[in-house]
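Trainee: I would like to learn how to read a few features of a model such as this one, going from one feature to the next. Could we look at it together?

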Amino acid sequence: MKKHCFIHSGRGRSLCSRHRREARTLAAKWHISEETAVFELRDFELAVEDARRARAQELETAIRTIREHRALA
């Protein structure tokens, strides 16, 4: 069975190769532990996901408003 990456699932502590590499790079760049880098990377990924959801919701609202405006015209 395939293990799920901690960054995506929040479970376990295993990382996919991409996130493992990114955590090492982040740790070296900012002189922090790899464990801290993993949690920083997870927080960043969650923030990006939240921003994408918010943007999608804004777009849906704008599209709905345009459709309602066109229906009235």
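Mentor: Let us begin with burial in this predicted model: in helix 3, the buried residues are A37, V38, L41 and R42.

Trainee: What covers the buried residues of helix 3?

Mentor: The cover includes helix 1, residues 6-9, and helix 2, residues 17-30.

Trainee: How does the distance between the end C-alpha atoms of helix 3 agree with its number of residues?

Mentor: One takes a rise of 1.5 Å a residue, so the 39 residues of helix 3, running from 34 to 72, should span 57 Å, and the end C-alpha atoms are indeed 57 Å apart.

Trainee: How many aromatic pairs does a search of the whole structure find, and how is such a pair described?

Mentor: A pair of aromatic rings is described by the distance of the centres and the angle of the planes. Here the search of the whole structure gives one aromatic pair. The ring centres of F6 and F39 are 5.6 Å apart and the planes stand at 80°, and because planes over 60 degrees apart count as edge-to-face, the pair is edge-to-face. This pair links distant parts of the chain, with F6 in helix 1 and F39 in helix 3, 33 residues apart.

Trainee: Are F6 and F39 buried or exposed?

Mentor: F6 has a relative accessible area of 5% and is therefore buried, whereas F39, at 34% relative accessibility, counts as partly exposed. The face of F6 also has a charged neighbour, since R42 lies over it at 5.5 Å from the ring centre; R42 is itself among the buried residues of helix 3.

Trainee: How many disulfides are there?

Mentor: The count comes to zero disulfides. C5 is in none, and the cysteine sulfur nearest to that of C5 belongs to C16, 3.6 Å away. A disulfide requires sulfur atoms within 2.5 Å, so the 3.6 Å between the sulfur of C16 and that of C5 is too far for a bond. As for accessibility, C5 counts as buried at 8%, while C16 is partly exposed, with a relative accessible area of 26%.

Trainee: Which residues does H8 touch, leaving out those up to four places away in sequence?

Mentor: With those left out, H8 touches H19 and R42. H8 lies in helix 1 and counts as exposed at 55% relative accessibility. The C-alpha atoms of H8 and L46 are separated by 8.7 Å, although these residues are 38 residues apart along the chain.

Terms used
Residues are numbered from 1 along each chain as its sequence is written. This is a predicted model: local features need pLDDT of at least 70, side-chain atom pairs count only at pLDDT 80 or more; totals for chains, interfaces and linings use all residues. Side-chain values use heavy atoms; hydrogens and water are left out. Helices (H or I, at least four residues) and strands (E, at least two) are DSSP runs, numbered from the N terminus. The expected span of a helix is 1.5 Å times one less than its number of residues. Buried means under 20% relative accessible area, exposed over 50%, partly exposed in between (1.4 Å probe, protein chains only). Contact means heavy atoms within 4.5 Å. Rings of Phe, Tyr and Trp (its six-membered ring) pair if their centres lie within 6.5 Å; planes under 30 degrees apart count as stacked, over 60 as edge-to-face and the rest as tilted. A charge sits over a ring if NZ of Lys or CZ of Arg is within 6 Å of the ring centre and within 35 degrees of the ring normal.
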